[in-house]
Amino acid sequence: MKRNMQSKNVLAVALDCTERSEIPPFGFMVDYLCYGGIYREVWLEIVEDAYIEDIFVRTPNVLGQYKILEADITFNRSVKGTVSLNVSDGKNLSVDKKAEIDGRVLRVRWNIKGAKLWDINDPNLYTFTASFKGGEMRRRFGFREAKFTRTGFMLNGRRVQLVGLNRHQSYPYVGGAMPASAQKADADLLKYTLGCNFVRTAHYPDSIHFLDRCDEIGLIVFTEMPSWQHLGEGEWRVNCLQNIRDMVVRDRSHPSIVLWGVRVNEGADCDEFYAETNALARSLDPTRQTGGVRNMPRSHLLEDVYTYNDFSHAGGAVKLLPPALVTGFKAPYLVTEHNGHMYPTKSYDDDLHRTEHFLRHARVMDAYYKEEDIAGGFGWCYADYNTHKDFGSGDRICYHGVMDMFRNPKPAAGVYTAAEARY
């Protein structure tokens, strides 16, 4: 049969946005909306028979005299030939190298002279480019060392007090369907308007545009798999592991990301499954630590960091529980949520109510600033958000934010702005 070279190909996409029990975070109630439809960019890639499938950039020993770059360049199949490499900051530094490959993965190790560190106040970024037979792939990265310890969070060898908020990727009227400009604007608001140096992408990986902007401005990120209290079985767990794989592989070159969330948010202990989730994240990215947000004390710790939602402050004398009481042992410790549903506040509530909202965030922040063994805290949350009918205030809105849904600040936002000078 003669092929008609003028024929057109039609690509049809069918969507099923049903909340299905085998797909995380579903299976029970969820306190946020997972919006339907294709709300992020979609593109079609045309590639050669052999092409670069992935690049994973790592930066060991950043505090040494020379900055070391390690990269795994993975092809879709076994190849043989020369790979051209380049590292550039787009301004002053540009270094080229060639390497031979005979297989599917090319691992390179490279001393980069003159490279600068990525830091919260000086987020220097570099682009690693690998080219092979006309095709190329790029990864942006930064030289930095990030580690949670028993005495706080260390960035490039110095302790940084983490001050942050949880962010839902939700906007009025359109849900998650906002363009790159709005995603980047949220990062700028968190960093420059609110003064945060830390954000948690509760409770799912955020838009690549938001993460790219966090890289650019030095906003540290704790990102986690899609989940909310419910731990399923069977196919649910298979899908959960795939979500972790997709999250880590997509985002592991972002210098802003310092912690993988590999436990169901506020879910029950399940050592068997969480041994799998931690092992998977560590195998895909041995450079970052893992966390798993829980809301119960003395929970089993299979992760590297004990990440805990502390809602003990209800306006009284107790601001935060002592880490040793929560964990029962000494471990890196991070407060991942506080306030929130304990004191919902609308932007049009009376002055006394909005002032108490401000004070509650201030009291908890002051409490974790005083504790050397608390790395920092995330207030719940950045902005009000739509939720299911079982939550919220009758209009399907959770008024837990220090800003309203339109990103207008409530008085409590000023607590975070004032904290900026302290780190």
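Is Arg213 buried, exposed or partly exposed? Select Arg213 to begin: with a relative accessibility of 21%, this residue counts as partly exposed, because buried is reserved for values under 20%. Keep in mind throughout that the model is predicted.

**Stop 1: helix α2**

Keep Arg213 on display and add Glu216. The two form a salt bridge, and their closest N and O atoms are 3.0 Å apart. Both residues belong to helix α2, which covers residues 208-217, and they sit 3 residues apart, about one turn of the helix. An α-helix has 3.6 residues a turn, so residues three or four places apart point the same way. Glu216 is also partly exposed, at 28% relative accessibility.

**Stop 2: a network of charges**

Next select Arg58, Glu70, Asp72, Arg107 and Arg109 together. Salt bridges with shared partners join these residues into one network. Across the whole structure, a search finds 31 salt bridges.

**Stop 3: strands β1 and β5**

Now select Asp54 and Arg139. Their side chains meet in a salt bridge, with an N to O distance of 3.1 Å. Colour the two strands to see what this pair connects: Asp54 is in β1 (residues 52-58) and Arg139 is in β5 (residues 135-141), so distant parts of the chain, 85 residues apart, are linked. Asp54 is buried, at a relative accessible area of 9%.

**Stop 4: Asp186 and Arg167**

Move on to Asp186 and Arg167. This salt bridge has its closest N and O atoms 3.0 Å apart. Asp186 lies in helix α1 (residues 180-193), while Arg167 is in the loop between β9 (162-166) and α1, so the pair ties together parts that are 19 residues apart in sequence. Both partners are buried.

**Stop 5: helix α1**

Stay with Asp186 and extend the selection to the whole of α1. The helix has 14 residues and reaches 19 Å from its first C-alpha to its last, close to the 20 Å expected at 1.5 Å a residue. Which residues of α1 are buried? Select Ala182, Gln183, Asp186, Ala187, Leu190 and Lys191 to see them. Then show β9, β10 (198-201) and α2, which are among the elements that cover these buried residues. The helix where the tour began, α2, is therefore part of that cover.

**Last stop: after α1**

Finish at Gly195, which follows α1 and has a positive phi, near 80 degrees.

How values were computed: Residues numbered from 1 in each chain as written. Predicted model: local features only at pLDDT ≥ 70, side-chain atom pairs only at ≥ 80, totals over all residues. Heavy atoms only, no water. Salt bridge = Lys/Arg side-chain N within 4 Å of Asp/Glu carboxyl O. Helix = DSSP H or I, 4+ residues; strand = E, 2+ residues; numbered from the N terminus. Buried < 20%, exposed > 50% of the residue type's maximum accessible area, 1.4 Å probe, protein only. Expected span 1.5 Å × (residues − 1). Contact = heavy atoms within 4.5 Å.
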